[in-house]
Amino acid sequence: MKVDYYKITPGGNGTVLVTTPVPATKRKSVAKKILLKEKKMEQVGFVVSPKNTKASARLEMAGGEFCGNALRALGVLAEKETGTKKILLETSTSDTPLIVTVGAETSTVTLPLSFFSQRNNICHLPGISHTYTLDTIDKKIAKQILSDTGLINKKAAGVLSYKKLKKNTYSLSPFVWVNDIRTLYEETACASGTFALAYMLFKKEGLRKIAVHQVSGSTFQVQLKADSISLTGPKGAAIRHSIIL
């Protein structure tokens with residue numbers, strides 16, 4: 001079986017988007033084989049037909065998790081194929097179409113503020129939850145934190161090590177666990193983690209606009225409005241590949 005896919009790196013977060021139809025029962029194994037081949041990629045999503053006729057496409061991640069950067073990557077792919085700059089996309093974690101706006105060098109994903117909730121130092125989004133620490137951590141410590149908080153039993157969860165660099169500017173080092181495919185990556189960039197950090201700082205300090213430096217060297221800009229939260233970062237290029245399985 002030949003599987004076509006695109007590699008896109010939105011802000012450093014290596015993303016594979018599979019465009020060949022793959023049965024849901026085979027997606028985990030296909031994702032693992034692609035990740036074995038593509039050592040610099042961190043996640044795999046599958047592009048399928050949307051349920052809502054207003055949406056251009058639907059993104060279903062290999063582990064069923066929410067992934068903001070994969071949504072931005074799909075926006076780049078959709079813009080490349082249609083020429084449309086403002087795109088509605090579905091995800092497996094929400095049938096509500098989400099807006100991705102693609103510019104010359106950046107792409108922006110906008111989420112409803114109602115997607116977010118926070119309790120006991122954990123921020124929950126549909127499809128992923130994150131906890132935070134000011135400590136410097138490694139993979140072993142991250143897994144222990146996930147276990148201690150019970151987040152390791154979630155579909156997907158992250159441990160976010162962050163630091164304040166200056167006013168409204170932070171750095172982020174994220175470790176992200178995806179339960180179904182049993183992966184724990186120290187990600188080079190994490191949109192959902194950046195969203196979660198921004199929401200936490202909004203709830204605790206009232207901040208509505210922050211810049212977050214990623215491990216990759218890219219910077220994500222996050223802005224909160226009355227009922228939405230948007231993240232903008234480098235969009236990356238879509239490069240087509242294939243694999244024979």
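**Exercise 1.** By class, how many nonpolar, polar and charged residues does the lining of the largest cavity have?

*Solution.* Keep in mind that this is a predicted model. Start with the inventory: one cavity of 30 Å³ or more is present, and the largest cavity holds about 150 Å³ of space. Its lining is made of 20 residues, with Q43, E65, C67, V176 and E187 closest to the centre. Sorting the lining by class gives eleven nonpolar, six polar and three charged residues. Finally, look at where the lining comes from: strand 3 (43–48), helix 2 (68–82), strand 12 (169–178), strand 13 (183–186) and helix 4 (191–205) supply at least two residues each.

**Exercise 2.** Check whether the length of helix 4 agrees with its expected span, then work out why helix 4 is described as largely enclosed.

*Solution.* Take the length to begin with. Helix 4 has 15 residues, and at 1.5 Å a residue the expected span is 21 Å, because the rise is multiplied by one less than the number of residues. The end C-alpha atoms lie 20 Å apart, which agrees. Now the burial: twelve of the 15 residues are buried, so helix 4 is largely enclosed by the rest of the structure. Among them are F195, L197, Y199 and F202. Just past the helix comes G206, with a positive phi near 80°.

**Exercise 3.** Find which residues touch the most other members of the largest nonpolar core.

*Solution.* In this core of 54 residues, they are L111, F116, L125, L197, I210 and I229. Helix 4 gives the core its largest share, nine residues. Next, follow L125: leaving aside neighbours within four places in sequence, L125 contacts F66, L111, F115, F116 and A196.

Definitions and conventions: Residues are numbered from 1 along each chain as its sequence is written. This is a predicted model: local features need pLDDT of at least 70, side-chain atom pairs count only at pLDDT 80 or more; totals for chains, interfaces and linings use all residues. Side-chain values use heavy atoms; hydrogens and water are left out. On a 1 Å grid over the protein atoms alone, a cavity is a set of points where a 1.4 Å probe fits but cannot get out, and a pocket is an open set with protein on both sides within 12 Å along at least five of seven lines; lining residues have an atom within 4 Å of a point. Grid points are joined across faces, edges and corners, and a volume is the space filled by probe spheres set on the points. Helices (H or I, at least four residues) and strands (E, at least two) are DSSP runs, numbered from the N terminus. Ala, Val, Leu, Ile, Met, Phe, Trp, Tyr, Cys and Pro count as nonpolar, Asp, Glu, Lys and Arg as charged, and the others, Gly among them, as polar. A nonpolar core is a set of buried Ala, Val, Leu, Ile, Met, Phe, Trp, Tyr and Cys residues joined through side-chain atoms within 4.5 Å. Buried means under 20% relative accessible area, exposed over 50%, partly exposed in between (1.4 Å probe, protein chains only). Contact means heavy atoms within 4.5 Å.
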